[in-house]
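This report describes the salt bridges and the strand arrangement of a single model. The account begins with one charged pair and proceeds from there to the sheet.

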Amino acid sequence: MDFVMNPFDEETIAVACENGSIKLWKTGADGLKETTDEPNAVLKGHRDRPTIVRYHPTANNILTSASYDLCVNIWDVNKETTALSLGGHLEPVS
């Protein structure tokens, strides 16, 4: 659905997935050498697929996602948990 590079770590990519999760992938300094199906971390907290993911521009390890479940989640990437969930939206946030 969406992906974004971590501005504090050029080797980490966050990917919004159809199953409602956000997967974090490490590419390594020289990029990927082979195909991989295993992410380094999986963030679970949305009940429907995320439409957008963005890292905080000045705070390391903070990621935001919006989903068709009408919630915006703010993630603590280090702990792999939702730090805050903002619900109550009447339409998906984009």
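In this predicted model, Glu 18 and Arg 49 are joined through their side chains by a salt bridge, with an N to O distance of 3.4 Å. Glu 18 belongs to the loop between β2 and β3, and Arg 49 to the loop between β4 (41-43) and β5, so the contact ties together parts that lie 31 residues apart in sequence. Glu 18 is exposed, its relative accessible area being 54%, whereas Arg 49 is partly exposed at 28%. The assignment of Glu 18 follows because exposed residues are those over 50% relative accessible area.

**Salt bridges**

The structure contains 3 salt bridges. They are listed below with their N to O distances.

| Acidic residue | Basic residue | N to O distance |
|---|---|---|
| Asp 2 | Arg 54 | 2.7 Å |
| Asp 9 | Lys 26 | 2.5 Å |
| Glu 18 | Arg 49 | 3.4 Å |

The side chains of Asp 2 and Arg 54 form a salt bridge at 2.7 Å. This pair connects distant parts of the chain: Asp 2 is found in strand β1 (residues 2-6) and Arg 54 in strand β5 (residues 50-55), 52 residues apart. Asp 2 has a relative accessible area of 17% and is therefore buried, since the cut-off for that class is under 20%. Its partner Arg 54 is partly exposed, with a relative accessible area of 40%.

In the salt bridge between Lys 26 and Asp 9, the closest N and O atoms are 2.5 Å apart. Lys 26 is in strand β3 (residues 22-26) and Asp 9 in strand β2 (residues 9-16), so parts 17 residues apart in sequence are tied together. Both residues count as partly exposed, with relative accessibilities of 37% for Lys 26 and 22% for Asp 9.

**Sheet arrangement**

Strands β1, β2 and β3, which carry residues of these pairs, also take part in a sheet. The sheet is open and consists of 4 strands in the order β1-β2-β3-β4, with antiparallel pairing. Strands β1 and β4 form its edges, each pairing on one side only. From one strand to the next, the twist averages 20°.

Strands β3 and β4 run antiparallel and are joined by 3 bridges. Leu 24 has Ala 41 in β4 as its bridge partner. In general, the strands of a sheet pair through backbone hydrogen bonds, in either a parallel or an antiparallel manner.

Methods:
Residues numbered from 1 in each chain as written. Predicted model: local features only at pLDDT ≥ 70, side-chain atom pairs only at ≥ 80, totals over all residues. Heavy atoms only, no water. Salt bridge = Lys/Arg side-chain N within 4 Å of Asp/Glu carboxyl O. Helix = DSSP H or I, 4+ residues; strand = E, 2+ residues; numbered from the N terminus. Buried < 20%, exposed > 50% of the residue type's maximum accessible area, 1.4 Å probe, protein only. Pairing = 2+ DSSP bridges. Axes fitted to C-alpha atoms, helices over the stretch in contact; angles between N-to-C directions.
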